[in-house]
Each structure stands twice: as C-alpha cells, then as structure tokens.
Amino acid sequence: MSIATMLLTVVAVLIFFGVLQRVLDRMYLTDRAALLLVAAMFIGTLLPNLTIGRVSINLGGAVIPLGVCIFLLVKADTSWERIRPLLGSLLTGAAVWGLSWFLPDEPERMWIEPTLLYGLSAGVIACALGRSRRGAFICGVLGVLLADIATAVINWVSGIDQQLVLGGAGLADAVVVSGVLAVALTELVGEVMERISRARHTPGKERS
C-alpha cells in the first residue's frame with residue numbers, strides 16, 4: 001500500500017468518527033461529500049493513468065485533487081481569497097522545483113523517498129502561504145502539480161523526450177501528502193493561536 005492510500009485511509013477513518021468536522025466545515029464539505037471524495041481518490045490512485053501524447057494523468061492523484069481546488073476557488077467569498085492561494089501555489093511550486101536541484105540524481109542515495117520529500121516540503125510551505133485551510137490545500141496540491149509541469153517543460157525545451165506524469169505512481173504520494181499536511185498544519189496552528197488568544201482574555205488575567 002502506498003503512502004497516499006494509507007493517508008487517505010486514515011483521513012477516511014477520522015472523517016467517519018467526526019474528528020475532522022471543523023476542518024470539513026472550513027472546506028465547505030459535508031462528511032458524506034468528504035468520504036466520497038476520499039473514496040474516489042483512493043480508487044483513482046489504483047486505476048491506470050489517462051495518457052494523452054506526452055502527458056499522463058492519474059484520476060486519484062491529480063484530477064480529483066485539482067477538482068477540489070477548483071471547487072474551493074469557486075466557493076471563495078472574495079477575489080483576494082482566490083488570488084492569494086493561486087499566488088501561493090506559484091511560490092510553492094517554485095520552491096519545490098528549486099528543491100529538486102539540490103537533491104542527488106540517484107534516489108538510492110537519499111534517506112527519504114524524493115516524492116515524499118516533495119510532498120512534505122510543499123505541505124509546510126503551503127501552510128505558511130495559504131493562511132487558511134482552503135488556501136493551504138490549494139497551495140499544496142497545485143504547488144506539487146506546477147513543479148512537475150515546470151520540470152517537464154524544461155526537459156522538453158532541453159530536448160529531453162520525457163513523459164509528464166501528473167499524480168501517477170509515487171507522484172500521487174506527493175500530491176496527497178502536500179494537501180493533507182498543509183491543511184493539518186494550518187488547523188494545528190489555528191488551534192494553538194485560538195488557545196493563546198483565549199488564555200490572554202480569561203477573566204483572571206484581565207486588568208481591573
């Protein structure tokens with residue numbers, strides 16, 4: 001079982017037991033809708049990629065997460081709530097793409113799987129840039145996809161005939177990890193800040 005499928009299984013269990021109710025509310029999703037999306041992503045990652053020319057796209061690792069990003073952008077209340085995560089996605093993608101230049105050419109020389117490292121890095125960066133659960137998810141998912149696209153375009157321009165794979169194989173791990181981690185970190189930071197704010201305004205600490 002891949003990291004993506006394991007993580008999706010954990011998310012499904014948390015949704016089923018109502019642990020993520022607050023997060024889902026912020027993401028404009030009901031429990032049922034979220035479970036259906038997770039199930040679709042889980043199944044989609046196991047299906048063959050759709051190949052068009054030099055582009056190969058996975059349903060669960062690219063198409064469905066991208067669809068969720070579009071849904072969140074459409075549901076945004078203001079234009080700035082749409083522009084900010086899109087700009088954050090560009091910065092996240094640039095950071096992940098830049099990270100690839102500092103990694104060894106041979107994955108066997110690394111202590112961690114490159115795609116997992118990309119997902120973790122994108123998740124942390126997206127949390128800092130997204131500033132909300134919705135924005136963080138968009139930055140994380142789109143950032144990884146944009147980094148993959150940028151790498152493929154540069155290879156094509158350089159004369160390297162390499163297929164662009166979006167969300168397939170191990171790349172699904174990067175997309176899922178980045179999106180889930182970005183939302184989880186944003187939720188954690190938000191919870192900590194709320195607790196600090198409540199502590200500062202407790203009656204016992206207010207000045208008379």
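## Exercises around Phe 137

Leaving aside neighbours within four places in sequence, Phe 137 is in contact (heavy atoms within 4.5 Å) with Met 27, Pro 65, Val 68, Cys 69, Leu 72, Gly 179, Ala 182 and Val 183. The model is predicted: local features need pLDDT of at least 70, side-chain atom pairs count only at pLDDT 80 or more, and totals for chains, interfaces and linings use all residues. Residues are numbered from 1 along each chain as its sequence is written, and side-chain values use heavy atoms, without hydrogens and water.

**Exercise 1.** Find which residues touch the most other members of the largest nonpolar core, and which elements supply the core.

Solution.
- Start with the term: a nonpolar core is a set of buried Ala, Val, Leu, Ile, Met, Phe, Trp, Tyr and Cys residues joined through side-chain atoms within 4.5 Å. Buried means under 20% relative accessible area, exposed over 50%, partly exposed in between (1.4 Å probe, protein chains only).
- The largest core has 35 residues; Met 27 and Phe 137 touch the most other members.
- Elements supplying at least two residues each are H1 (3-16), H2 (21-26), H3 (31-46), H4 (59-75), H6 (114-130), H7 (133-157), S3 (164-166) and H8 (171-200). Here H is a helix (DSSP H or I, at least four residues) and S a strand (E, at least two), numbered from the N terminus.
- H7 gives the largest share, eight residues.

**Exercise 2.** Place Val 175 and Tyr 28, and decide whether each is buried or partly exposed.

Solution.
- Val 175 belongs to helix H8. Its relative accessible area is 1%, so Val 175 is buried.
- Beyond four places in sequence, Val 175 touches Gly 61, Pro 65, Val 141, Val 144 and Leu 145. The C-alpha atoms of Val 175 and Leu 145 are 7.3 Å apart, with their positions 30 residues apart along the chain.
- Tyr 28 sits in the loop between H2 and H3. Its relative accessible area is 28%, so Tyr 28 is partly exposed.
- Check the backbone too: phi of Tyr 28 is near 60°, a positive value in a residue other than glycine.

**Exercise 3.** Describe how H1 packs on H8.

Solution.
- The angle is about 35° and the axes lie 8 Å apart. Axes are lines fitted to C-alpha atoms, for helices over the stretch in contact; angles run from 0 to 180 degrees between N-to-C directions.
- From H1, Ile 3, Ala 4, Leu 7, Leu 8 and Val 11 meet Ala 172, Asp 173, Val 176, Val 177 and Val 180 of H8.
- By class, this contact holds nine nonpolar, no polar and one charged residues.

**Exercise 4.** Work out the strand order of the sheet and what packs on it.

Solution.
- Three strands form an open, mixed sheet in the order S1-S2-S3. Pairing requires at least two DSSP bridges.
- S1 (50-52) and S3 are the edge strands, each pairing on one side only.
- S2 (55-57) and S3 pair in the parallel sense over three bridges. One bridge partner in S3 is Val 165, opposite Ser 56.
- H7 packs on the sheet and touches S2 and S3; the direction of H7 makes about 175° with that of S3.

**Exercise 5.** Judge the overall build of the protein.

Solution.
- Count eight helices and three strands.
- The radius of gyration (over C-alpha atoms) is 18 Å, close to the 17 Å from the globule rule (2.2 Å times the number of residues to the power 0.38) for 208 residues, so the protein is as compact as a globular protein of that length.
- Buried residues make up 40% of the 208.

Key
Nonpolar A, V, L, I, M, F, W, Y, C, P; charged D, E, K, R; others polar.
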